[in-house]
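Here are my notes on this structure, as numbered points. Please read them with the model open beside you.

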Amino acid sequence: MTGKELQEKLGWKFPVIAEKYPEHIGEADRFCEGYKEFLNTGKTERECVKRAVELLEAAGYRPFEKGASYAAGDKIYAVNRGKAVIASTIGTEPLARGLRMNGAHIDSPRLDLKPNPLYEKDGMSLLKTHYYGGIRKYQWAAIPLAMHGVVYLEDGTRREISLGEKAGEPVFCVTDLLPHLAGEQNSRKLGEGLKGEELNIVVGSIPYEDSKDVKEAVKLKALAVLNEYFGMTEKDFLRAEIEMVPAFQAADVGLDRSMIGAYGQDDRVCAYTALAAEMEAKDPAYTTLTILADKEEIGSCGNTGLDSDYVLHFVQTLAEMSGADYKEVLQNSICLSSDVNAAYDPTFPAVYESRNSCYVGKGCVLTKYTGARGKSSSNDASAELMAKIIKIMDDAGVCWQTGELGAVDAGGGGTIAKFVAGMNVDVVDLGVPILSMHAPFELASKLDVYHTYLAFRAFYNAR
Ligand code: MN
Ligand code: MN
């Protein structure tokens with residue numbers, strides 16, 4: 001055997017998808033048209049649930065009914081408080097043999113309005129915000145923002161808010177200093193380039209028409225317009241959840257159009273691919289459970305996040321209905337914690353360890369553990385589970401790679417994995433490599449998105 005032959009036999013290198021499957025470039029392109037549409041229609045967790053339910057209904061899913069009897073192939077879904085959704089296809093195997101779970105999150109970093117947001121200062125009206133999730137604050141200034149959310153009026157009427165998305169609608173923004181006057185600001189540390197209380201949204205600059213005896217006529221003008229649009233008053237901000245998100249649409253990026261740039265790809269890229277795989281599941285051996293969760297970006301807390309028991313309760317109910325012991329169901333279940341990982345960035349190599357990073361164009365990334373420092377707060381998937389998942393992907397010809405979230409001690413982070421593991425389920429992280437993660441405009445490779453979908457499909461189809 002020559003050295004080259006031995007090298008090929010013993011060594012391992014992750015292939016480049018475009019080289020291994022050149023025909024997938026076109027397939028990925030087509031697949032990502034639906035993905036871009038999902039990103040544009042779902043800019044908040046609520047909107048993602050709404051869109052997911054539309055897609056699920058169209059694919060034959062029906063609302064889960066306690067006490068109903070379900071047969072193999074039946075498709076059901078359950079919405080949690082309008083912010084999270086579980087979809088499931090009943091398998092041919094008994095439930096006690098376990099579920100094939102796939103959990104992604106549909107909340108993304110953003111600027112939330114404070115409960116009492118509107119004020120007037122020096123002839124302008126502005127909104128105070130409290131950022132949600134891990135953002136680099138300076139990235140959110142001087143870009144167009146759209147207003148999304150829900151508000152309840154005094155009489156109980158629910159109004160959905162979406163302003164700044166359609167052509168012709170106004171957008172909003174956070175201001176920043178001009179370079180000429182930024183001498184002092186430039187000497188701040190980057191993390192404080194813009195401070196939390198400087199993330200104020202400009203909403204107006206002209207006073208209400210009849211400003212006689214009115215103390216804050218510019219603020220009044222803003223209130224008048226909000227009332228005209230949504231019927232709301234200043235008090236109704238206290239009964240609202242309003243999120244300011246980038247106003248731009250998902251776009252192809254690059255001369256070769258090989259990438260997608262968009263807001264909220266963490267983690268709607270896994271939500272969309274998981275949903276697509278779920279909807280295609282036909283008579284799977286194991287019952288599938290696709291979870292689109294909320295609140296991952298702030299630690300999975302709250303009753304719509306995965307630190308809550310709502311998924312556990314769903315599994316318990318499902319088990320009761322089929323006469324299975326839910327503890328046995330969970331113990332035999334496998335879950336993909338589907339979330340993005342940090343793609344190696346050639347401009348910033350220092351924070352990565354090149355041998356253990358994921359790369360744009362090499363497929364979905366299987367992340368054995370996340371966490372910070374000594375794997376703190378991580379779910380560290382077992383070798384047994386890694387072997388199972390790798391086999392499923394290899395058998396289906398899926399391009400996958402491994403990656404750590406950056407070099408040791410360079411930082412770190414977590415996903416929903418540890419909360420799923422807390423239910424005594426075998427779980428490992430799998431998702432799409434992302435550049436500029438958590439920025440208003442995140443970047444992903446279309447081929448990676450496509451192969452993540454192929455991985456999820458193989459996972460549900462595996463016998
Ligand atoms: Mn994420
Ligand atoms: Mn994130």
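1. Salt bridges. The rule counts 36 salt bridges in this predicted model. Side chains of opposite charge can pair when their charged atoms come close. Take K36 and D252 as one example. Their closest N and O atoms are 2.8 Å apart. This pair links distant parts of the chain. K36 sits in helix α3, residues 24–41. D252 sits in strand β12, residues 251–253. The two are 216 residues apart.

2. Two domains. The domain assignment splits the protein chain into domain 1 and domain 2. Domain 1 is made of two stretches, 3–108 and 263–461. Domain 2 covers 110–246. How many Å separate the centres of domain 1 and domain 2? Over C-alpha atoms, the separation is 34 Å.

3. Where the domains meet. On the side of domain 1, 18 residues are in contact with domain 2. Domain 2 contributes 17 residues to that contact. About 1,400 Å² is buried between the two domains. Carbon and sulfur atoms give 46% of that area. Which three residues supply the most of what domain 1 buries against domain 2? They are K43, R46 and P440, with 34%. The size of an interface is often given as the accessible area lost when the parts come together.

4. Charge at the interface. Five salt bridges cross between domain 1 and domain 2. E165 and K43 also form a salt bridge, and their closest N and O atoms are 3.1 Å apart. Between the domains there are ten residue pairs in polar contact, with both residues at pLDDT 80 or more. Now look at the face of domain 1 that touches domain 2. Eleven of its residues are charged, four are nonpolar and three are polar.

5. The manganese ion (ligand 1). Which residues donate to this ion? The protein donors are H105 through NE2, D266 through OD, and D339 through OD, with D339 listed twice. They lie 2.1 to 2.6 Å from the ion. Along the chain the donors follow the spacing H-x160-D-x72-D. H105 belongs to strand β4, residues 99–105, and D266 to helix α7, residues 265–280. These two are 161 residues apart, so the pair links distant parts of the chain.

6. The manganese ion (ligand 2). D266 (OD), E297 (OE, listed twice) and H438 (NE2) coordinate this ion, at 2.1 to 2.5 Å. The donor spacing here is D-x30-E-x140-H. Why does the pair D266 and H438 tie together separate parts of the sequence? D266 lies in helix α7, while H438 lies in the loop between β22 (433–435) and β23 (442–445), so the pair joins parts that are 172 residues apart.

7. The shared residue. The manganese ion (ligand 1) and the manganese ion (ligand 2) are 3.3 Å apart. Which residue coordinates both? That residue is D266.

8. Backbone points to check. D266 also takes part in a cis peptide bond, which joins it to D267 with omega at about 15°. D267 is found in helix α7. Two residues other than glycine have a positive phi, and here they are in turn. R257 has phi near 55°. R257 lies in the loop between β12 and β13 (259–262). D283 has phi near 40°. D283 lies in the loop between α7 and β14 (287–293).

Definitions and conventions. Residues numbered from 1 in each chain as written. Chains lettered and ligands numbered in written order. Predicted model: local features only at pLDDT ≥ 70, side-chain atom pairs only at ≥ 80, totals over all residues. Heavy atoms only, no water. Domains from an automatic or database assignment. Contact = heavy atoms within 4.5 Å. Buried area = accessible area lost by both parts, 1.4 Å probe. Salt bridge = Lys/Arg side-chain N within 4 Å of Asp/Glu carboxyl O. Polar contact = N/O pair within 3.5 Å; in protein donor to acceptor, adjacent residues only side chain to side chain. Nonpolar A, V, L, I, M, F, W, Y, C, P; charged D, E, K, R; others polar. Donors = N, O, S within 2.8 Å, 3.2 Å for Na, K, Ca; no water. Helix = DSSP H or I, 4+ residues; strand = E, 2+ residues; numbered from the N terminus.
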